Amino acid sequence: MAVNINTVYLRVLAIANKEQRGYITPQEFNTLANQAQLDIFEQYFYDLNQFLRLPGNDTIHADPVDMLEEKIEKFSIFNAPATNANLDVLQVYRLGAVFARVSINGATQIIEAQHMSHSELRQYLSSPLTAPAKTRPMYTIDNNSIVMHGDGVDGTNINYIKKPVDVYWGYNIINGEALYNPATSINFELHASEETELVLKILSLSGVVIRDPQLYQIAATEDAKNIQQEKQ
Amino acid sequence: MALFKGTQQQYYDNSKTFTGNGSNKAFVLGFSPAPLLESDIDVFVNGTEVDNGDYVYASGTLTFDTAPASGALILVREINVDDQLGNYQYITLQDITNNFRVAYVGEGKIISKVKIPDINFHAQRAMQEFSYDTLKSEKSQEIELPPSLKMKLPHDYVNYVQFSWKDNAGVERIIYPVRKTSNPRAILQDGSYNYVFGDDNKLLTVEDSETWKAFKANSDNDNTVENVSGPDTDATLAEGRRYGLTPEHAQFNGLFFIDNSRGYAFFSSDLNGKVITIKYISDGLGTEDEMRVHKFAEEAIYKYIAHAILASKVNTPEYIVARFKRERRAAIRQAKLRLSNLKIEEINLVMKNKSKIIKH
């Protein structure tokens, strides 16, 4: 379930305007919303690394690693054929496993390829036991494109995390006021549990935009409190 | 998921059966691996072979021009196919590395992270080491020995297990190595015994040394097994049982020696024209098809790879390395015991045979 952008917008406005702090225009909101979304999204990967070092629990719905994986899996694309190997064209945010499609005895098999830096590849190429082959493929990233190594590789499949779509609070100007237009709006793709976090992040960024240090401080303190609670 | 792939009919008969319903034209064969070409299959409907102009085969799917009648029995048989017989006893190196990654590598496992080529490297090294002294030797070549009395060593030869020649009854008679001759590199000399050099200032040599020529020319063909009378085949095997003599010479099965630098095995002249078999050890990495391990040794391979990776990573606690070293040793020992294929009935017979000979 995604997070409705209008809900977030109304909450941000309600809190920001409560004490006549200032007005956030729709254009500013859209910019800040995308910034907040990417901020939260990027943090997932660092949090996952941190939580993987903790013991965790067996509940799934309350295990921090499982919760984070659930949030990330919304953006996870599995075993997608990559006809164009350029990572920008593929809208890859984080590249996962890369597979080579090879034909062995007439049957197509998918074999995971190992990522190599160019210097590593040179070393691995020099040994017959480690050199890439059809059944032992490797890949490098050249000019942001996947280059597969190993004779007889027919194609490439990839697992990756796609970039969250840019959000947009769509509106029409009626009588000088911006009214929400759901038809042109694009909601947040983040997990529904991120709604509060989004509001706080946008508020915090709004405090910077409207030069209200108090607003920034309140939102940042609330955000820090949440993070502390999550990571205890 | 069951490990046996395909159907039993495919395994035993290389065929698959379908039943027509009067409308279905396309049938997915499901052969594993799939035949590559249309010429790799024969198609029969109700026992009558269908002309290959009446169907099309591509990418594992057979499509008839006209749908077979309802209830028609369609039989598709693969031809020119390598038999899969006996393959179930093996596991491929590819499967081993995949299984290893699942069971040993990852967050919270004994190896948190390792590159796939590193696993492949150690798996191949394990394959080599196991080929030398754990797995059973399955490689052999049989040739008719030419008058040159030389046999080329096999292309994937690492060491020999046994040379033998076939007698008239099809019994393999072991040929023993001779230690007191060889084919040394013979330097070409002129009439004044000076060395002769070539245009590139290198010493010239001749292919056959005088030593080898003399050994080759020795034709004591009277003392062959065919000349021994008597019904006792076991006695004529003559495995060095003439007491009081050097065992390697107290037999008449013939002799051989190997010249590793030239890549030839040389035989004594009494083996001229005989059918010679070499059973030998390779390293198991010659072709992709032979990169497979008997399932009796599967666990030993996992332990070998795990130990090799752990031992070569920095910061691995020494007690972990030691633990896997012990586990590897135990698993290899278990694999050797299993692969030695000891059957109590066979041991029983061997022991009875031994006691009989001692009574003589």
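**Helix packing and a pocket**

The crossing of H1(A) and H2(A) is right-handed. This is a predicted model. H1 of chain A spans residues 5-17, and its axis lies 11 Å from that of H2(A). The two pack at an angle of about 115°. Angles of 65 to 115 degrees count as roughly perpendicular, so H1(A) and H2(A) are roughly perpendicular to each other.

Which residues in H1(A) and H2(A) meet? From H1(A) come A:Ile5, A:Val8, A:Tyr9 and A:Val12. They meet A:Pro26, A:Phe29 and A:Asn30 in H2(A). By class, this contact has six nonpolar residues, one polar and no charged.

Now follow H2(A) to its next partner. H2 of chain A covers residues 26-51, and H3 of chain A covers residues 64-73. Their axes come within 9 Å and cross at roughly 155°. That makes H2(A) roughly antiparallel to H3(A). Their crossing is left-handed. On the H2(A) side, A:Tyr44, A:Phe45, A:Asp47, A:Leu48 and A:Phe51 take part. On the H3(A) side are A:Pro64, A:Val65, A:Leu68, A:Glu69, A:Lys71 and A:Ile72. Eight residues of this contact are nonpolar, none polar and three charged.

H2(A) and H3(A) also help to line a pocket. This is the second largest pocket, with a volume of about 1,300 Å³. It is lined by 27 residues; closest to its centre are A:Leu52, A:Leu95, A:Gly96, A:Ala97 and B:Lys113. Strands S2 (92-104) and S3 (107-115) of chain A each supply at least two lining residues, as does helix H2 (93-104) of chain B. The lining divides into 15 nonpolar, five polar and seven charged residues.

How values were computed
Residues numbered from 1 in each chain as written. Chains lettered and ligands numbered in written order. Predicted model: local features only at pLDDT ≥ 70, side-chain atom pairs only at ≥ 80, totals over all residues. Heavy atoms only, no water. Axes fitted to C-alpha atoms, helices over the stretch in contact; angles between N-to-C directions. Helix = DSSP H or I, 4+ residues; strand = E, 2+ residues; numbered from the N terminus. Parallel < 35°, antiparallel > 145°, perpendicular 65-115°, else oblique. Left-handed = near helix turned anticlockwise from the far one by under 90°. Contact = heavy atoms within 4.5 Å. Nonpolar A, V, L, I, M, F, W, Y, C, P; charged D, E, K, R; others polar. 1 Å grid on protein atoms, 1.4 Å probe; cavity = no way out; pocket = protein on both sides within 12 Å on 5 of 7 lines; lining within 4 Å. Points joined across faces, edges and corners; volume = space filled by probe spheres on them.
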